[in-house]
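Please open the model in your viewer and follow the stops below, selecting each region as it comes up.

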Amino acid sequence: MEEADIERLKAIAKDIRKDILIMLNKATSGHTGGSLSVVEILVALFFSKMRHDPNNVHYRERDRFVLSKGHAAPALYAVLSRCGYFDRKELFELRKLGSHLQGHPDSKFTPGVEVPTGSLGQGLSMANGIALALRLDKIPSRVYVLLGDGEVQEGQVWEAAMTAAHYKIDNLCAILDNNGLQIDGWVKDVMNIEPLGKKWEAFGWEVLEIDGHDFNQILDALDKAEKIKGRPTIIIAHTIKGKGVSFFENQVKYHGIAPNDIELEKALKELDSN
Amino acid sequence: MEKASLREAYGRALLELGRRNENIVVLDADLSGSTKTKMFAKEFPNRFFNMGVAEQDMIGTAAGLAASGKIPFASTFAIFATGRAWEQIRQSVAYAGLNVKIVASHGGITVGDDGGSHQAIEDIALMRILPHMAVIVPADAIEMEQVIYTIAEYEGPVYVRGSRVNFPIIYNNGDYHFQLGKGSIIREGEDITIIATGLMVHHTLEAAKELENCGISARVINMSTIKPIDKELIIESAKITGAIVTAEEHLIIGGLGSAVCEVLSESYPVPVKRIGIEDRFGISGKPEALLAYFHLMPEDIIEAAKRLLDCKPYRLRAIA
Ligand SMILES: Cc1ncc(C[n+]2csc(CCOP(=O)(O)OP(=O)(O)O)c2C)c(N)n1
Ligand SMILES: [Mg+2]
């Protein structure tokens, strides 16, 4: 990847973070930490890796994206809007009565959202179904699905993990936002999920581990995943919950709290100075 | 008007129960701060099990604890408790006849901004259809506290539906005594009966005051136990008032309204109007705005009551 391209993605990521914070502030509720931890992953997918067309939302050959950790909806909405799926003004109607942007992704209301999520643990199964249908229809698109590290405590995730390996679903790539935190504390304290990589390997997956805030590593891994045939791939992305705003980083409290006016101002300033 | 948190009432009662009885154990699924089971967890870390984001496993583990003589309270949001883990509740808890208490927060649309995915509008129905399962929806924090003490003594599976939002206090004079299986009359009236549950009890009281100004006297019942339902009180009310409105923050299909109709249609049919959410899912918005949007406000109850009275042909009324 050219240095200039990386710089372009970094600039987009910064704008996305700002949009996320403003949207959450205006909504007065929502998930700050888990939206900020996935920004680079979403930007890499939507602004570089994925084939998609905001002007032809349902075109057959598009790559599909499923936000299994649906509470990161603000990040997805900010990215979709910047891609051109809908006007940026709509972002600031997030979570309001009558808004196209529901608290959790809803395909009935928002162009660019493939399936509704929000109840954790269900996205990988749906992504498997989408990938199987693509294979049946001989459509060469890929399916990307983003999971949380707390989310993988749901049993359904592991049922789906078996399915993907059993049916050799290699047109699917899962990405795990391994930010170490869930609502009640550190994942390792609430309900340990380690050894994570070994678990997915044992379930028949190709496992790649990367820094989830490094565009070179994300894009490399996405390219690598595309070349792996006969089994699904998961990218375990090591991330920081609340990434980009020092006083939100690694703070369990900011899982489900929106920035107030003072926090917003400080956060925007900090983002601008970096 | 004074309001109080049902979640905090639950947390307090649970803590007190934990002090009184070593067999009380508590489970949560990564929402202990929100459901307030954290209060118990802090004092009794050995008797608290955070299961992570794994509601099905939580219910199964609770069943095992109950099978071994413990009294488990399992908590999470209403939709994940009753929806995600429904078949575990059916098989491992209800079918087994085990003494598991499922106490959920975030019932109904007043979940608010999180949107339809998180708003439990079908939980009462899901639990009510299970054989042996008792279903309770407290009307305020005072009743919630009493419910928790009561079900700890009761042997058998119970579902209690709490809320994210604070409810106005209904029982502030200290002489209320919750009884499992009994509705409570909180206002007498002759023209019509309004049977409500949860937050709608407050809205119904507001409606009844306004109806009185229009010359309509409404009997108001808090039907906090939805199962086993208080048949005698429903039939008695039908006989006295001849028309019944039901009000719930739940689908009109399968909840309180359905339960009341089941009793009336077999025993003493009278005109009924069910107030609740029509056949649709919730959406994002602030709780107050959503209550208005889904027609769950006192005005909606008033309107329904007035219309229903027109179905009582034998009675001449003057509506202001
Ligand atoms: C089935 C289900 N149970 C519970 C919740 C409530 N909930 C929302 S986010 C969350 C924690 C998720 O942790 P993680 O996957 O690590 O998310 P992140 O750290 O990326 O925000 C929980 C329990 C839910 N949305 N769905
Ligand atoms: Mg996490």
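Across the interface of domain 1 of chain B and domain 2 of chain B, how many residue pairs are in polar contact? The rule finds 20 such pairs, both residues at pLDDT 80 or more, a polar contact being a pair of N or O atoms within 3.5 Å, of which, within protein, one must be able to donate a hydrogen and the other to accept it, while residues adjacent in sequence count only if both atoms are side-chain atoms.

This is a predicted model, in which local features need pLDDT of at least 70 and side-chain atom pairs count only at pLDDT 80 or more, whereas totals for chains, interfaces and linings use all residues. Residues are numbered from 1 along each chain as its sequence is written, chains are lettered from A in the order in which they are written, and side-chain values use heavy atoms, without hydrogens and water.

Select 3–168 of chain B as domain 1 and 184–313 as domain 2, bounds that come from an automatic or database domain assignment. Between these domains about 2,500 Å² is buried, 57% of it on carbon and sulfur atoms (accessible area, 1.4 Å probe, lost on putting two parts together and summed over both). Next, pick B:Lys286 and B:Asp113, whose side chains meet in a salt bridge at 2.6 Å, N to O (a side-chain nitrogen of Lys or Arg within 4 Å of a carboxyl oxygen of Asp or Glu).

Then move to the interface of chain A and chain B, which buries about 1,900 Å²; A:Leu97, A:Glu154 and A:Asp184 lose the most area on the side of chain A. A:Glu154 also forms a salt bridge with B:Arg84, the closest N and O atoms being 3.4 Å apart.
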